[in-house]
Every structure is written in C-alpha cells, then in structure tokens.
Amino acid sequence: MSHRHELPAFAGYGVEIEYMIVDRDHLDIRPFADRLLAAGAGQPASEVIHGNMGWSNELAMHLVELKNLHPVPSLEGLVDAFHEEVLAVDDLLAPLGARLMPSGMHPWMDPATETRLWTFDNAAVYACFDRIFDCRRHGWGNLQSIHLNLPYCGDEEFARLHAAIRLALPILPALAASSPWADKRPTGCMDYRLMMYRDHQKQVPSSMGNCIPDPSASQREYQTQVLAPMYREVAEYGSVPGQCDTNTLRHEWLNVRAAAPRFERSAIEIRVLDAQECPFADLAVAAATAALVRHLYDTVGAEAEAGLDTLRLVAIFDRCIQDAERAEIDDGEYLELLGCDSRPRTATELWAGLIDRLQADGLLAAQWLPALHLILRRGTLARRLAMALDDDPGCLLGVYRELCECLHDNHQYPGPR
C-alpha cells in the first residue's frame with residue numbers, strides 16, 4: 001500500500017494476499033513466479049500492474065502476492081478486484097501446467113529441498129536473509145498470509161492505532177487459522193504457520209520480540225526502542241563481500257512482529273492472518289479485523305491498553321494459535337477491554353458477540369456476514385480442513401484440489417457435512 005500523503009486512521013485500507021503456485025494436477029509447488037510475472041508484464045519483471053491492483057514476487061519462487069497498490073476507502077469493492085486478478089493469474093499459469101493454491105501453508109511441501117529463492121531484483125537482500133536465518137524451512141519457504149495495512153496521521157493517531165491493534169491481535173488466529181497440516185501430517189496445531197513464524201527470525205530476537213508488540217506512545221519512541229536495537233543486532237552478523245551486506249537489512253521491514261509500523265507509508269501492517277480459501281473469505285476476515293480495531297480505537301484509551309502486560313496477551317495468542325476457535329479466553333480484564341463481561345468463553349463465542357456488536361454499530365458491513373457466520377458455525381478453515389482430512393494423508397490431494405476450485409470460483413470451503 002502506497003500513498004503520497006498521510007491518511008487519517010481508517011480513511012484507507014491496503015490488503016496483500018500471498019498464494020502458492022502449484023502443479024495443476026498434482027499440486028506440488030512450482031517455482032514459476034518469474035515466468036508468471038514476465039508473462040503478465042510482457043517482459044522480465046518483479047511486478048505487474050493492473051490499474052490499482054498489482055502482483056509481485058516474494059522471497060520464494062513459488063509464491064506470488066496480489067495487492068491493491070493504493071489505499072481504498074472501503075474493503076467492500078476489493079472482493080471482485082482480487083478475484084479478477086486470481087483468474088488472470090490462473091489464465092497465465094495454465095499453459096505452464098500450473099495454478100494458484102490458497103491457505104496458510106502447503107501441507108506436504110519440503111522447504112529444505114523445494115524452496116528456490118528469488119534471484120532477480122533484491123536477490124542480494126534475500127541472499128542475506130538466507131545466510132543469517134536459513135530461509136529453506138517452514139516460516140520462510142512455506143507460509144502464505146494476508147497483510148492488512150491501516151493508516152494513521154501523526155503521533156496521536158499512531159499511539160491510538162497501535163494500542164487498538166495490540167489488543168485485537170491475540171484473537172485473530174481464532175478467526176483466520178488455515179494451516180493445520182505440514183510435512184504430510186497433522187501438526188496438532190490449527191495455525192502452524194504462526195507457530196513456525198514466531199521463531200523464523202530467532203537469530204535476531206529483537207526483530208520479533210514476543211511477537212505481540214509492547215505498548216508504544218510515539219513514532220520516535222518506537223524507532224528508539226524497537227528499530228534501533230534491531231539494527232544494531234543484525235549488524236553484529238557482519239557482511240560477507242560479494243554475498244551479503246547486512247546494511248541492506250537495516251530497514252523497517254526487518255521488524256516482523258505481529259503488527260509492525262511501516263513508517264515509510266504511515267501505516268501499521270497486521271501480519272498474523274493466514275490466507276483463506278478465496279478472496280471473499282480473505283476480505284471478510286480482513287474486514288472483521290479492521291472493524292474490531294476501529295471499535296477498540298474508539299473505546300479503549302492507550303493508558304488502559306498499556307496496563308495489560310504483553311505476556312498476558314501472548315498467553316491468549318498462544319491458545320488461539322494452538323486451538324483457534326476452540327481456545328478458552330478467560331482473562332477477565334482483557335474481555336472487559338473488548339467490551340464484554342469477564343466470564344470465560346470460547347473464542348467462537350467471543351467472536352460471535354463481537355461480530356454482532358460491530359455490525360450493529362455500523363462498523364462491519366452486512367456483506368461480510370455470510371462468510372463470517374460460516375466460520376462461526378463450521379469452524380476456521382483450519383478446523384474444516386482438519387475434519388475433512390481426518391488424519392489421513394491419502395485425502396490431501398482431493399481436499400486441496402477442492403480448495404483450489406474454491407479459490408478459482410471465489411466460494412468458501414464448507415468442510416465435511
């Protein structure tokens with residue numbers, strides 16, 4: 001998401017969704033991003049632009065990111081826009097015997113042997129990441145997410161928005177988890193993508209912190225307390241002439257917390273949403289996230305939010321990563337900050353009440369309710385996939401073929417009946 005001028009909070013939205021490129025028949029990953037982008041641009045390229053929509057490369061050659069290039073005032077028009085881009089990409093992949101596949105992780109990819117890093121623009125940056133972090137593993141080579149960018153204007157809005165996002169983050173996996181399998185087996189964790197993501201930059205601990213960010217009262221404070229230590233820490237790895245210059249990593253995108261300020265574009269990027277099965281579901285999850293953040297922005301003061309210790313938020317986050325919608329939420333103070341009474345409840349019960357309130361308050365459009373109600377009734381996509389697979393790797397190909405059709409046709413995966 002880019003823009004020339006700062007936008008007030010909630011005046012614009014930016015969404016980025018990552019998809020896997022896979023073999024059309026067998027669904028094994030295919031490192032065809034360079035060929036796809038060249039076909040879309042008519043020449044070798046790392047980006048394709050269609051009006052306000054764009055495609056771009058990611059670190060791994062089997063991934064492509066679709067996004068709106070400039071903030072839009074509402075998420076409602078993006079469903080058709082993203083679906084049109086999905087169809088356009090699939091049309092270009094068809095002659096290559098490939099297609100797009102959704103969800104947060106490929107369930108049988110071996111990242112150690114199958115990951116191929118992007119070798120064109122920014123290849124030096126990716127090589128440096130690989131030297132320090134080893135990108136041929138889960139958390140790097142096998143993860144697909146939705147990034148939601150929310151703008152702010154000035155320090156006061158930054159502090160309020162950061163505080164609101166910080167409160168929303170712990171329960172987002174309970175709505176968006178879609179990665180229950182990896183390495184051709186059930187992981188026992190509904191959001192295994194996030195489980196792997198939390199340690200993927202452990203060599204530079206300050207780049208992740210506790211994943212859930214600590215409170216921050218201003219942009220300057222954030223830069224001093226978060227970015228500066230991170231830059232010092234990564235510099236300790238030193239540079240290897242001709243291979244890796246760690247100065248290239250002294251950038252705000254090295255910060256990979258669950259929500260990370262992107263000061264270059266005056267926005268905060270929410271990074272913990274697994275990619276869903278189709279644009280309608282992706283945008284519905286993003287819309288519910290944005291609505292909850294706006295509710296908290298309007299109702300919870302930064303001082304009250306800062307009083308809730310980060311590790312308490314992390315404990316809720318951990319439960320939602322593990323059990324998604326079945327996680328037990330029993331922190332009474334946290335529930336009260338969300339506007340609920342303090343009695344314990346499952347994450348499904350919590351989200352059901354929040355969605356009703358957000359819709360009644362005019363913060364969540366009725367357009368999103370069918371998608372969200374399916375998640376509430378039948379479980380997260382992770383739960384629906386786990387139930388359909390029933391611990392049987394022999395079902396993987398059939399289930400994920402159906403998931404690819406959901407992406408192409410823009411409809412949700414219902415799971416077993």
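How many residues of strand 6 (residues 145-151) are buried? I started there, keeping in mind that this is a predicted model. My tally is 7 of the 7, so strand 6 is largely enclosed by the rest of the structure.

**Strand 6, both faces.** I looked at the two sides in turn. In a regular strand the side chains alternate between the two faces of the sheet. On one side I have S145, H147, N149 and P151, and on the other I146, L148 and L150, all buried. Both faces of strand 6 are covered, then.

**Strand 6, neighbours.** Next I checked the pairing. Strand 1 (residues 14-23) runs antiparallel to strand 6, and 4 bridges join them. To place that register, I noted that G14 stands opposite N149 of strand 6. Strand 10 (residues 267-274) is also antiparallel to strand 6, with 6 bridges joining the two. Here my marker is I146, which sits opposite L273 in strand 10.

**Helix 4.** I moved on to residues 123-133 and listed what is buried: V125, Y126, C128, F129, D130, I132 and F133. I then asked what covers these buried residues, and the cover includes strand 3 (53-57) and helix 8 (219-235). One backbone detail went into the margin: D134, just after helix 4, has a positive phi of about 60°.

**Cysteines.** C128 sent me looking for disulfides. I get 0 disulfides with the 2.5 Å sulfur cut-off. For C135, the closest cysteine sulfur is the one in C128, 9.8 Å away, which is too far for a bond. C135 has 0% relative accessibility, so I put it down as buried. C406 is in no disulfide either, and its nearest cysteine sulfur, in C278, lies 6.8 Å off. C406 also goes down as buried, because its relative accessibility is 0%.

**Helix 2 against helix 16.** C406 falls in helix 16 (residues 396-409), so I finished on how that helix packs with helix 2 (residues 78-93). Two packed helices are described by the angle between their axes and the distance between the axes. For this pair I have an angle of about 120° and axes 8 Å apart. That makes helix 2 oblique to helix 16, since the perpendicular range stops at 115 degrees and roughly antiparallel only begins over 145. From helix 2, the contact uses H83, V86, L87 and D90; from helix 16, it uses L407, H408 and D409. I sorted the contact residues by type and got 3 nonpolar, 2 polar and 2 charged.

Key
Residues numbered from 1 in each chain as written. Predicted model: local features only at pLDDT ≥ 70, side-chain atom pairs only at ≥ 80, totals over all residues. Heavy atoms only, no water. Axes fitted to C-alpha atoms, helices over the stretch in contact; angles between N-to-C directions. Helix = DSSP H or I, 4+ residues; strand = E, 2+ residues; numbered from the N terminus. Parallel < 35°, antiparallel > 145°, perpendicular 65-115°, else oblique. Contact = heavy atoms within 4.5 Å. Nonpolar A, V, L, I, M, F, W, Y, C, P; charged D, E, K, R; others polar. Buried < 20%, exposed > 50% of the residue type's maximum accessible area, 1.4 Å probe, protein only. Pairing = 2+ DSSP bridges.
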